[in-house]
Amino acid sequence: MGGSKAAMAAVLGDDDLLREILLRLGFPAFLVRAALVSKRWLGLAADPAFLRRFRDRHPPQLLGFYVNDACSRRPQFVPVSEAPELRVAVSRAGFDDGDPFVGLPVDCRNGRLLVLKPGEFACGRYVVRSPLCPTRGMVRVLPPAQLPLDWLPEPLELSSHSACFLSRDSSDGIVFVYLLLINRKLSLQVYVLQSGSWGECILAEGQLPELLNDVWIEMSAHGKLYMCTDNAYIHGLDFVAPHPQFFTINLPNQVYENYKLSCGDDAGFYLIHGEEFQLSVWHHETDDNGQDNWELVDRFCVRTAHDRHEEILVVGVGDNAEFVFLGLQASRAIICVNLSSRKETVYEMTVDLMCYISVFPLMTVWPPIFPALNDEVDHGDNLNIFGFE
């Protein structure tokens with residue numbers, strides 16, 4: 001036993017060897033558990049360079065997906081992962097039939113699910129759930145007060161929306177937006193929730209280049225809002241700039257509808273477009289001269305749709321264009337397509353109109369949220385925690 005303990009101490013006392021052991025844990029949750037051993041282990045596990053290696057070796061996994069059915073107003077959760085290590089976590093992610101706080105999913109990110117409560121659409125009462133850790137309970141989110149505007153016409157003839165997003169840039173942030181469109185005049189009020197409090201209103205107003213019938217906020221990423229319209233443009237707002245700035249992006253050729261935006265790890269983003277049986281993946285970035293550049297990353301035929309002679313409808317996407325969810329109306333099915341391997345997985349659904357559903361993927365949490373250790377829980381290099389006396 002003494003020799004085993006000495007060998008274990010030699011291995012675990014070497015930072016390089018310990019990194020290689022931690023690198024093979026497989027899941028971010030296991031990495032967080034390992035970090036609880038000591039401050040030294042926490043320092044190695046939380047090191048940015050190590051986390052980049054860990055993510056390259058173990059990219060975030062799809063656990064399942066939530067379906068927002070605007071017709072039935074009853075959410076669904078479809079489990080996907082079959083990994084034994086994740087079975088318990090996936091089993092917690094669904095909804096109880098008797099749960100009075102079930103709402104329609106509107107966003108899902110970093111282990112948090114944002115839902116809009118039933119019967120309270122007018123006042124927009126939101127709830128944040130933690131499906132992978134139910135003991136955290138639910139957090140109710142009251143929207144911030146909307147600023148009055150002195151230029152609104154009488155009688156009121158405008159298009160107005162509000163949207164709420166879980167922040168991609170922080171573990172607890174929320175972005176809330178009020179949008180008003182009158183003729184060509186667009187007004188946005190942006191609020192960011194951090195540590196339970198709404199920040200000051202970021203007000204931006206501008207003129208659109210042409211009249212629009214509708215405009216809606218599709219995505220919030222990297223301090224920017226992306227708004228889709230019924231024309232050939234994406235309109236955006238950089239709301240973290242010293243002076244909030246609007247910008248306009250021309251859509252790629254032959255793209256007008258049936259697309260979703262997917263945020264990337266860099267400052268760019270992806271556009272995933274469906275037309276008949278064809279799926280196209282575009283990547284957008286802005287060069288140093290402010291010019292918009294679109295690159296066609298991939299285009300292929302969705303075999304399931306082709307074989308069933310049904311056109312695809314893009315209903316959901318994952319980050320970094322890793323996968324896309326496609327709806328088939330006649331079959332009442334959702335196809336999950338892994339965009340790197342083109343593997344298609346079909347899920348038969350109970351929905352009435354596929355054009356009224358939205359899909360939000362539930363992923364393993366990344367980056368991991370590490371605890372803060374104090375001296376009382378720091379085990380140092382004490383091997384007794386592994387059963388050695």
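Which side chain meets that of Asp-265 in a salt bridge? In this predicted model, the partner is Arg-168, with 3.0 Å from N to O.

**View 1. Asp-265 and Arg-168 link distant parts of the chain.** The two residues are 97 apart in sequence. Asp-265 sits in the loop between β16 and β17. Arg-168 sits in the loop between β7 (159–166) and β8 (174–182). Asp-265 has a relative accessible area of 48%, so it is partly exposed.

**View 2. A salt bridge joins Glu-218 and Lys-260.** The closest N and O atoms are 3.9 Å apart. This pair, too, links distant parts of the chain: Glu-218 belongs to strand β12 and Lys-260 to strand β16, 42 residues away. Glu-218 is buried because its relative accessibility, 18%, is under 20%. Lys-260 also counts as buried, at 19%. Elsewhere, salt bridges with shared partners tie Arg-55, Arg-109, Arg-168, Asp-265 and Asp-319 into one network. The structure holds eleven salt bridges.

**View 3. Strand β12 pairs with β13 in an antiparallel hairpin.** Strand β12 covers residues 215–221, and six of its seven residues are buried. Six bridges join it to β13, residues 224–229. Ala-221 stands opposite Lys-224 of β13. Two residues lie between the strands of the hairpin. His-222 takes a positive phi there, near 55°.

**View 4. His-273 is a buried residue of strand β17.** The strand spans residues 269–275. The relative accessibility of His-273 is 7%, so the residue counts as buried. A polar atom of the His-273 side chain lies 3.4 Å from the backbone oxygen of Glu-257. Beyond residues up to four places away in sequence, His-273 touches Gln-254, Val-255, Glu-257, Asn-258 and Tyr-259. Its other contacts of this kind are Gln-278, Leu-279, Ser-280 and Val-314.

**View 5. Asn-258 and Glu-276 have positive phi values.** Neither residue is a glycine. Asn-258 has phi of about 55°. It lies in the loop between β15 (245–250) and β16 (259–263). Asn-258 is also among the residues touched by His-273. Phi of Glu-276 is near 55°. Glu-276 is placed in the loop between β17 and β18 (278–286). With a relative accessible area of 49%, Glu-276 is partly exposed.

**View 6. Helix α2 contributes to a nonpolar surface patch.** Val-11, Leu-17 and Ile-21 make the patch, which has an area of about 210 Å². Leu-17 is found in helix α2, residues 15–23. Leu-17 counts as partly exposed, at 40% relative accessibility.

**View 7. Glu-20 and Arg-24 form a salt bridge.** The closest N and O atoms are 3.0 Å apart. Glu-20 is partly exposed, with a relative accessible area of 29%. Arg-24 is partly exposed as well, at 48%.

**View 8. Trp-366 and Pro-367 are joined by a cis peptide bond.** Omega is about 0°. Pro-367 is placed in the segment after β24 (357–363).

**View 9. The whole protein has seven helices and 24 strands.** Of its 389 residues, 47% count as buried. The accessible surface comes to about 19,800 Å², and carbon and sulfur atoms account for 50% of that. Among contacts between residues at least 6 apart in sequence, 49% join residues at least 24 apart.

Conventions
Residues numbered from 1 in each chain as written. Predicted model: local features only at pLDDT ≥ 70, side-chain atom pairs only at ≥ 80, totals over all residues. Heavy atoms only, no water. Helix = DSSP H or I, 4+ residues; strand = E, 2+ residues; numbered from the N terminus. Buried < 20%, exposed > 50% of the residue type's maximum accessible area, 1.4 Å probe, protein only. Polar contact = N/O pair within 3.5 Å; in protein donor to acceptor, adjacent residues only side chain to side chain. Contact = heavy atoms within 4.5 Å. Areas by Shrake-Rupley, 256 points an atom, 1.4 Å probe, with all protein chains shown as cover. Patch = residues over 30% accessible without salt bridge, like charges linked within 9 Å, V, L, I, M, F, W, Y side chains within 5 Å. Salt bridge = Lys/Arg side-chain N within 4 Å of Asp/Glu carboxyl O. Pairing = 2+ DSSP bridges.
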